[in-house]
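Trainee: I am new to this structure. Please take one part and walk me through it closely.

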Amino acid sequence: MSALTVDPGPGHGQDWDDLVRIWEETDAPEGCKVEIIEGIVTVSPPPSKDHNTTAALLQRRLYTVIPEDWEIYQTLGVSVPGRAGLYIPDLVVLPRAIASGPGNRVPAEEVQLVVEITSPANANHDRIGKAHGYAKAGIELFLLLDPWHTGRPTATLYGEPSDGTYRVLEAVEYGETLTLPKPFGLDLDTGIFPVS
């Protein structure tokens with residue numbers, strides 16, 4: 001992962017529009033993910049095959065429980081300006097109408113579920129920076145799939161955001177079942193996910 005630090009100049013906070021402009025103009029190789037995390041434009045390499053397989057397997061299961069007018073996106077930007085962030089989650093679930101039309105990002109407050117799958121290069125961003133950003137934005141559910149967790153791969157469901165912090169609703173090791181509450185109502189067998 002590389003980072004482009006944006007110098008706001010002495011005594012001035014970085015202007016959100018300038019950060020978004022830099023994000024939009026960053027020329028990264030195809031398949032790379034360009035995000036703004038805590039005011040820094042970052043570029044991550046394309047995800048691994050296991051990472052993509054995990055996203056695909058989860059997406060397939062989510063489609064069985066979401067309302068007809070919702071969709072699941074893998075490359076949609078989520079604006080979190082209160083945390084100087086513009087994230088591209090591995091999966092984001094929201095009503096189709098919100099993601100329709102011009103542009104390439106949606107406001108975080110419209111998101112129903114956000115999913116991050118850690119990679120060696122981005123694990124701490126997903127576990128810490130993005131978790132705080134999603135909580136601060138008020139996204140109700142954040143699912144962190146962490147095949148790189150120390151000891152054993154884990155799946156952690158966060159919810160009830162308050163003051164930029166989530167409560168852990170459930171945490172399981174891969175191989176156990178994690179339950180996504182309503183509006184999803186999905187018992188997810190995490191044993192289907194590949195272990196890196």
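Trainee: Before that, how many helices and strands are there in the chain? Then please look closely at helix 2 and what surrounds it.

Mentor: Keep in mind that this is a predicted model. The chain has four helices and 14 strands. Of its 196 residues, 44% count as buried. Take the contacts between residues at least 6 apart in sequence: 50% of them join residues at least 24 apart.

Now helix 2. It covers residues 49-62, which makes 14 residues. From the first C-alpha to the last, helix 2 reaches 20 Å. That is close to the 20 Å expected at 1.5 Å a residue.

Look at its buried residues next. They are H51, T54, A55, L58, Q59 and L62. Seen down the helix axis, these residues fall within an arc of 130°, so they line one face of helix 2. The general rule helps here. An α-helix has 3.6 residues a turn, so residues three or four places apart point the same way. Now turn to the face away from the buried side. There you find the exposed residues K49 and R60.

What do the buried residues of helix 2 pack against? The partners are strand 4 (70-73), strand 7 (91-95), strand 9 (113-117), strand 10, strand 13 and strand 14. Let us visit several of these partners.

Start with strand 14, residues 186-189. Its covered face carries L186 and L188. Its uncovered face carries D187 and D189. A general pattern is worth recalling: in a regular strand the side chains alternate between the two faces of the sheet. Strand 14 runs antiparallel to strand 13 (residues 177-180), and four bridges join the two. Across that pairing, L180 stands opposite L186. The two strands form a hairpin with five residues between them. In this hairpin, G185 takes a positive phi near 60°.

Go on to strand 4. E71 lies in this strand, and R96 lies in helix 3 (residues 96-99), so their pair ties together parts that are 25 residues apart in sequence. The pair is a salt bridge, with the closest N and O atoms 2.8 Å apart. How exposed are the two partners? E71 counts as buried at 19% relative accessibility, because buried means under 20%. R96 counts as partly exposed, at 32%.

The search of the whole structure finds six salt bridges. In general, side chains of opposite charge can pair when their charged atoms come close. Another of these bridges joins D126 and K130, at 3.6 Å from N to O. D126 and K130 are four residues apart in helix 4, so about one helical turn separates them. Both D126 and K130 are buried. E116 joins them in a network of salt bridges. For contrast, look at R167 and E160. Their salt bridge has its closest N and O atoms 2.7 Å apart. R167 is partly exposed at 43% relative accessibility, and E160 is partly exposed at 48%.

Next, follow the chain past strand 9. S119 sits in the loop between strand 9 and helix 4 (123-137). S119 counts as buried, at 17% relative accessibility. Leave aside its neighbours within four places in sequence. S119 is then in contact with H51 and W148. H51 is one of the buried residues of helix 2, which brings us back to our helix.

Last, take strand 10. The structure holds seven aromatic pairs. In one of them, the rings of F142 and Y158 have their centres 5.5 Å apart and their planes at 20°, so this pair is stacked. F142 lies in strand 10 (residues 141-146) and Y158 in strand 11 (residues 154-162), so the pair ties together parts that are 16 residues apart in sequence. F142 is buried at 0% relative accessibility. Y158 is buried too, with a relative accessible area of 17%. Ring pairs also link F142 and Y158 with Y87, Y134 and Y166 into a cluster.

To retrace the route, begin on the buried face of helix 2. Then step out to the strands that its buried residues pack against.

Methods. Residues numbered from 1 in each chain as written. Predicted model: local features only at pLDDT ≥ 70, side-chain atom pairs only at ≥ 80, totals over all residues. Heavy atoms only, no water. Buried < 20%, exposed > 50% of the residue type's maximum accessible area, 1.4 Å probe, protein only. Pairing = 2+ DSSP bridges. Phe/Tyr/Trp six-rings, centres within 6.5 Å; stacked < 30°, edge-to-face > 60°. Expected span 1.5 Å × (residues − 1). Arc of directions from axis to C-beta. Contact = heavy atoms within 4.5 Å. Salt bridge = Lys/Arg side-chain N within 4 Å of Asp/Glu carboxyl O.
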